[in-house]
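Me: I should like to learn how to read the features of a protein model, one at a time. Please give the general idea where there is one, and then the case at hand.

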Amino acid sequence: GGTLFDGAGEGSTAQKGERSHVDHVEVDKGPSAMLFGKALGGYGGAADYSRKAPTQESFARAVATKASFDVTRFTADVNAPLNDDKSLLFRMTGSAQTLGSFVDFVRTRSFDIAPMLAFTADNGDRVSLRAEHNGARLVWRDGVPADPVFLHIPKEFYAGLPANEHETPFFDDLTLRYEHAFN
């Protein structure tokens, strides 16, 4: 099926894997080609990821996670109105994480930040500007089976160099959106 972000297809979704920015997901089952065109997923349905948008309340939330295999994750969500009549709103979500593995030297370090500014006019029209910036550095396992019986290699064995770290290109996205209020 197709993958949409805020109701629109945005090409490759491989770089848009961070879910700390997602407010909710709506899944449309069935022939998505009727709604979104064949290029966005064919006939299996579509998943629309709605990103977190600024609201009129002020808050700051953070979550820290520590788990096995050296997993460390931090997410933050900050929201604030920028003026007294709450027509100008700001929200920023972000995350940073380090993921280890049961395989020696295999690891991933990544970050993501997404600020959003929204203005609502007196007539209800809304203009929003959203940016996203992320990147990752990783060492992945290069093709040795987990436990080949005939070689008696332990599953922790890493066949590459310990410093074989790859950097994914930074991903930047800037979205300007206008919503007209029908009276």
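Me: Which strands each supply at least two residues of the nonpolar patch?

Reply: In this predicted model, the strands that each supply at least two residues of the patch are strand 8 (126-139) and strand 9 (166-179). The largest share, three residues, comes from strand 9. The patch is made by Leu82, Leu117, Val127, Leu129, Leu174, Leu176 and Tyr178, and its area is about 690 Å².

Me: What general idea about strands should be kept in mind when reading such a list?

Reply: In a regular strand, the side chains alternate between the two faces of the sheet.

Me: Where does Leu117 lie, and is Leu117 buried or exposed, or something in between?

Reply: Leu117 lies in strand 7, which spans residues 107-120. The residue counts as partly exposed because its relative accessibility is 34%, and a patch member must have over 30%.

Me: Which residue of strand 8 is the bridge partner of Leu117?

Reply: The partner is Leu129. Both Leu117 and Leu129 belong to the nonpolar patch. The pairing of strand 7 with strand 8 is antiparallel and runs over 12 bridges. The two strands form a hairpin with five residues between them, and in this hairpin Gly124 takes a positive phi near 95 degrees.

Me: How should salt bridges be read, and how many are there?

Reply: Side chains of opposite charge can pair when their charged atoms come close. In this model the count comes to three salt bridges. One of them joins Asp77 to Lys52, with the closest N and O atoms 3.5 Å apart. That pair links distant parts of the chain, since Asp77 is in strand 5 (residues 71-81) and Lys52 is in the loop between strand 3 (45-51) and strand 4 (59-67), 25 residues apart.

Me: Which other residue meets Asp77 in a salt bridge?

Reply: The side chain of Arg91 meets that of Asp77, at 2.7 Å from N to O. Asp77 lies in strand 5 and Arg91 in strand 6, so this pair ties together parts that are 14 residues apart in sequence. Lys52, Asp77 and Arg91 are thereby linked in a network of salt bridges.

Me: Are the members of this network buried or exposed?

Reply: Asp77 and Arg91 are both buried. For Asp77 the relative accessible area is 6%. Lys52 is classed as partly exposed because its relative accessible area is 21%, and buried requires under 20%.

Me: Which residues form the salt bridge outside that network?

Reply: Glu132 and Arg130 do, with their side chains meeting at 3.2 Å, N to O. Both residues are buried.

Me: How might one read the surroundings of a single residue, for example Thr93?

Reply: One may begin with position and burial, and then turn to the neighbours. Thr93 lies in strand 6, residues 88-99. It is buried because its relative accessible area is 5%. Beyond residues up to four places away in sequence, Thr93 touches Ser20, His21, Lys52, Ala76, Asp77, Asp112, Ile113 and Ala114. Two of these names, Lys52 and Asp77, have already appeared in the salt-bridge network. A polar contact of 2.4 Å joins the side chains of Thr93 and His21. Pro115 is 22 residues from Thr93 in sequence, with 6.4 Å between their C-alpha atoms.

Me: What does the same approach give for Gln97?

Reply: Gln97 also lies in strand 6. It counts as buried because its relative accessibility is 18%. With neighbours within four places in sequence left aside, Gln97 is in contact with Thr72, Arg73, Thr108, Arg109 and Ser110. The side chain of Arg73 joins that of Gln97 in a polar contact of 2.6 Å.

Me: What pattern does the chain follow along its sequence?

Reply: The pattern is β-β-α-β-β-β-β-β-β-β, with one helix and nine strands. Of the 183 residues, 28% count as buried. Among contacts with a separation of 6 or more, 58% are between residues 24 or more positions apart. The accessible surface comes to about 11200 Å², and 60% of this belongs to carbon and sulfur atoms.

Note on methods
Residues are numbered from 1 along each chain as its sequence is written. This is a predicted model: local features need pLDDT of at least 70, side-chain atom pairs count only at pLDDT 80 or more; totals for chains, interfaces and linings use all residues. Side-chain values use heavy atoms; hydrogens and water are left out. Helices (H or I, at least four residues) and strands (E, at least two) are DSSP runs, numbered from the N terminus. Buried means under 20% relative accessible area, exposed over 50%, partly exposed in between (1.4 Å probe, protein chains only). Contact means heavy atoms within 4.5 Å. A polar contact is a pair of N or O atoms within 3.5 Å; within protein, one must be able to donate a hydrogen and the other to accept it, and residues adjacent in sequence count only if both atoms are side-chain atoms. A salt bridge is a side-chain nitrogen of Lys or Arg within 4 Å of a carboxyl oxygen of Asp or Glu. Patches are made of residues with over 30% relative accessible area and no salt bridge: like charges are joined within 9 Å, nonpolar side chains (Val, Leu, Ile, Met, Phe, Trp, Tyr) within 5 Å. Accessible areas come from the Shrake-Rupley method with a 1.4 Å probe; for residues, only the protein chains shown count as cover. Two strands pair if DSSP finds at least two bridges between them.
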